[in-house]
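Colleague: I have the file open now, can you walk me through it?
Modeller: Gladly; ask in whatever order you like.

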Amino acid sequence: MGNTVIELKSLSRSYGYGEGTTYALKDFDLEVKRGEFIMIMGPSGCGKTTLLNIIGLLDRPNFGSYVLDGESVARLSARKKANLRSKKIGLIFQDFNLIPTLNVLDNVALPLIYSGSKSKSKRYIAADNILKRFHLEKREYFLPFQLSGGQKQRVAIARSLVASPEIILADEPTGNLDSRSAHIVMEELKAIHEEGNTIIMVTHNPSLTTYATRVIHMLDGGIDTDIKTVADADLPQPISVHFGRANLDRKNSDLAPESESTSFEIDIKEEIKTTKKKTKKSTRKLKKLQKKTAKKKKKETL
Ligand SMILES: Nc1ncnc2c1ncn2[C@@H]1O[C@H](COP(=O)(O)OP(=O)(O)OP(=O)(O)O)[C@@H](O)[C@H]1O
Ligand SMILES: [Mg+2]
């Protein structure tokens, strides 16, 4: 095992039954070392997103084994998977998945709720620290619609890193960006990789492979070519990256979501909860005000 962080063996993910079965992944084997920066390429429909979803514990294989950090995770309960995901994995999507009604600071602080941080001020301190790292501190109170595409993606990356995951999974993170914004995002990912984190990124852009230590071309649910450009011994030394994480209370894992929801669904649930709380507060305020006004009127009429 040693430096192996992810090990997939004979993994298959299929859809449909009998003659109608289609394989998104078939007999897929992959060993990922800590500190690798893997770029995954391949034609549309070859199984890239399916692979990231399985590695990110958002989807489960029909067959095969998945060992994450020495622990077999393919058959874990949904609750345990969600818990592991919130602590070890950061997900970055092409379409950012920011909550439109939450400001930048709240968006970035959100994952810390799921990873067990009870203290709101500590969550904000950690979010503020990582936003500073991405030069976004002046945008903390902006809503997502007030940001450029590149800024939104940097906020999304900051959000995926705030809980200090060891593994970052990115599905075409620069797909919607102009070349300048894409360059900035790639430079950020490069810096994160150099700090010893493991990155697996899907891209359609061959010029981005210069950032990778390994390039895998997929075809029809399997690996077509797999080329390492950096020897395992020369990979960046893993160091623990604490974006203010050291201060956070990791103990309470009870906050991890029950269901195997995607992080986006979880975010929405959290948003609804917050909105309900806010509404309750406003209703209370309104009732108080109504009572006060009624009393005042009564006095006036007397
Ligand atoms: N929920 C689903 N039901 C049925 N088939 C699915 C489902 N999700 C994915 N597939 C199929 O699995 C295959 C792999 O899909 P996947 O999304 O992993 O491809 P991809 O390589 O990410 O493609 P793209 O580059 O277009 O994003 C496709 O043939 C797709 O139609
Ligand atoms: Mg895809």
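Modeller: Let me start with a strand pair in this predicted model: strand S3 and strand S9, which spans residues 214–219, run parallel to each other and are joined over four bridges.

Colleague: Which residue of S9 stands opposite Ile 40?
Modeller: That is Ile 216 in S9.

Colleague: And what other strand does S3 pair with in the parallel sense?
Modeller: S3 also pairs with strand S8, residues 198–202, again in the parallel sense and over four bridges, and within that pairing Met 39 stands opposite Met 201.

Colleague: How many of the residues of S3 are buried?
Modeller: Five of the five residues in S3, which covers 37–41, are buried, so the strand is largely enclosed by the rest of the structure. Phe 37, Met 39 and Met 41 point one way from the strand, while Ile 38 and Ile 40 point the other way, and all of them are buried.

Colleague: Switching to the core, which residues have the most contacts inside the largest nonpolar one?
Modeller: Ile 40, the residue we just placed in S3, is one of them, together with Val 108 and Val 162, in a core of 68 residues. The element that gives the most to this core is helix H3, residues 104–114, with eight residues.

Colleague: What is Val 108 in contact with, leaving aside its neighbours within four places in sequence?
Modeller: Val 108 is in contact with Ala 127, Ile 130, Leu 131, Val 155, Ala 158, Arg 159 and Val 162, and Val 162 is itself among the residues with the most contacts in the core.

Colleague: Now the ligand, which residues are around ligand 1?
Modeller: Around ligand 1 there are Tyr 15, Thr 22, Ala 24, Gly 42, Ser 44, Gly 45, Cys 46, Gly 47, Lys 48, Thr 49 and Thr 50. Strand S2 (22–33) and helix H1 (48–55) are the elements that give two or more residues to this shell, and the largest share, three residues, comes from H1.

Colleague: How many of the shell residues are polar?
Modeller: Seven are polar, alongside three nonpolar and one charged.

Colleague: Last topic, where is the mean pLDDT lowest among the elements, and where is it highest?
Modeller: Helix H7, residues 263–301, has the lowest mean at 68, and S9 has the highest at 98. Over residues 240–268 the pLDDT is below 50, although this stretch has 58 contacts in the model beyond near neighbours in sequence. For the protein chain, the average is 84, and 84% of the residues score at least 70.

Methods:
Residues numbered from 1 in each chain as written. Chains lettered and ligands numbered in written order. Predicted model: local features only at pLDDT ≥ 70, side-chain atom pairs only at ≥ 80, totals over all residues. Core = buried A, V, L, I, M, F, W, Y, C linked by C-beta atoms within 7 Å. Buried ≥ 20, exposed ≤ 12 C-beta atoms within 10 Å, placed from the backbone. Contact = placed C-beta atoms within 7 Å. Pairing = 2+ DSSP bridges. Near = placed C-beta within 6 Å. Nonpolar A, V, L, I, M, F, W, Y, C, P; charged D, E, K, R; others polar. pLDDT = per-residue confidence, 0-100.
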